[in-house]
Amino acid sequence: MKMTNSLIIFLLFATLTVPAMSQEDFPSLGVSHEYVLERINLLRKKGCRCSGKRMKPAPPLVWNDTLELSAYNHAKEMQTYDYFDHHSMSGEDIGDRLDKLGYKWQYVGENLATGQKTFDEAMTDWIKSGSHCRMLMNADMKEVAVAKYGKYWVQHFGKLMPPRTKRTKVTYTEGQ
């Protein structure tokens with residue numbers, strides 16, 4: 001009985017001291033999720049040029065909270081440890097990080113930026129960069145989220161696996 005009471009007290013204390021992350025816990029992007037989606041989806045709707053290559057219009061994206069959490073965690077880690085990379089300090093890529101959060105991805109992608117004061121500045125820089133622009137226009141992607149922590153911006157893209165499908169290739173590779 002004493003062990004049970006101790007366990008209950010420990011679990012109660014743990015839940016009180018480690019609250020779940022909510023959207024309010026994330027530092028503000030300075031704009032709403034709706035604004036971010038509007039900017040991205042307007043570009044995708046019109047199509048654009050990425051490094052001189054004409055990109056056809058792509059379907060609109062929807063916001064995903066798990067992608068936001070992953071983007072936030074990566075931005076926070078880069079700020080905390082003062083580095084800039086697509087891999088975490090422990091060597092994990094976006095696929096690894098999303099696997100840990102339970103996001104059953106078929107496709108994923110990541111855009112990074114540093115030093116921009118606003119989302120519009122980060123978006124402009126991503127459009128000017130060929131690889132970042134191609135990721136913005138990637139028709140395979142269905143979901144998106146953006147997070148900022150300190151000077152770091154992280155944009156995550158994804159497409160979930162179809163129901164009852166098992167991923168056979170478990171590694172993530174960069175590129176189109």
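Hi everyone. Let me start with a cysteine that is left out of a bond: the sulfur of Cys48 has its closest cysteine sulfur in Cys133, 3.6 Å away, and that is too far for a bond. A disulfide needs the two sulfur atoms within 2.5 Å, so Cys48 and Cys133 do not qualify at 3.6 Å. Cys48 is buried, with a relative accessible area of 10%. Please keep in mind that this is a predicted model.

So which cysteine is joined to Cys133? The partner is Cys50, and the sulfurs of that disulfide sit 2.0 Å apart. For anyone new to the topic, a disulfide is a covalent bond between the sulfur atoms of two cysteines. The count for this model comes to one disulfide. The angle about the S-S bond is -60°, and the link between Cys50 and Cys133 is left-handed. Cys50 belongs to strand S1, residues 48-50, while Cys133 belongs to helix H6, residues 130-136, so the bond links distant parts of the chain, 83 residues apart. Are these two cysteines buried or exposed? Cys50 is buried, at a relative accessible area of 1%, and Cys133 is buried too, at 0%.

Now let's step back and look at the whole chain. You will find six helices and six strands. Going along the sequence, they come in the order α-α-β-β-β-α-α-β-α-α-β-β. The chain has 176 residues, and 40% of them count as buried. The accessible surface is about 10500 Å², with 58% of that belonging to carbon and sulfur atoms. Here is a number I like: among contacts with a separation of 6 or more, 69% are between residues 24 or more positions apart.

Next, the aromatic rings. A pair of aromatic rings is described by the distance of the centres and the angle of the planes. How many aromatic pairs does the count come to? The count is four, and I'll walk you through two of them.

My first example is Tyr35 with Phe119: the ring centres are 6.4 Å apart and the planes meet at 80°, so the pair is edge-to-face. This pair also links distant parts of the chain, since Tyr35 is in helix H2, residues 33-46, and Phe119 is in helix H5, residues 119-128, 84 residues apart. Tyr35 is partly exposed, with a relative accessible area of 26%, whereas Phe119 is buried at 1%. Tyr35 and Phe119 also form one aromatic cluster together with Trp153.

My other example is Phe84 with Tyr152. Their rings are stacked, 6.0 Å centre to centre with 25° between the planes. Phe84 lies in the loop between helix H3 (65-81) and helix H4 (94-100), and Tyr152 lies in strand S6, residues 152-160, which puts them 68 residues apart. Phe84 is partly exposed, with a relative accessible area of 44%, but Tyr152 is buried at 3%.

That brings us to strand S6 and its neighbour S4. What is the sense of the pairing between S4 and S6? The two strands pair in the antiparallel sense, over nine bridges. If you want a spot to look for on screen, find Glu110, which stands opposite His156 in S6. Strand S4, residues 105-114, is mostly covered, with seven of its 10 residues buried.

To finish, a quick recap. One disulfide joins Cys50 to Cys133, while the sulfur of Cys48 stays unbonded at 3.6 Å from that of Cys133. Thanks for listening!

Technical notes
Residues are numbered from 1 along each chain as its sequence is written. This is a predicted model: local features need pLDDT of at least 70, side-chain atom pairs count only at pLDDT 80 or more; totals for chains, interfaces and linings use all residues. Side-chain values use heavy atoms; hydrogens and water are left out. Helices (H or I, at least four residues) and strands (E, at least two) are DSSP runs, numbered from the N terminus. Buried means under 20% relative accessible area, exposed over 50%, partly exposed in between (1.4 Å probe, protein chains only). Contact means heavy atoms within 4.5 Å. Accessible areas come from the Shrake-Rupley method with a 1.4 Å probe; for residues, only the protein chains shown count as cover. Rings of Phe, Tyr and Trp (its six-membered ring) pair if their centres lie within 6.5 Å; planes under 30 degrees apart count as stacked, over 60 as edge-to-face and the rest as tilted. Two strands pair if DSSP finds at least two bridges between them.
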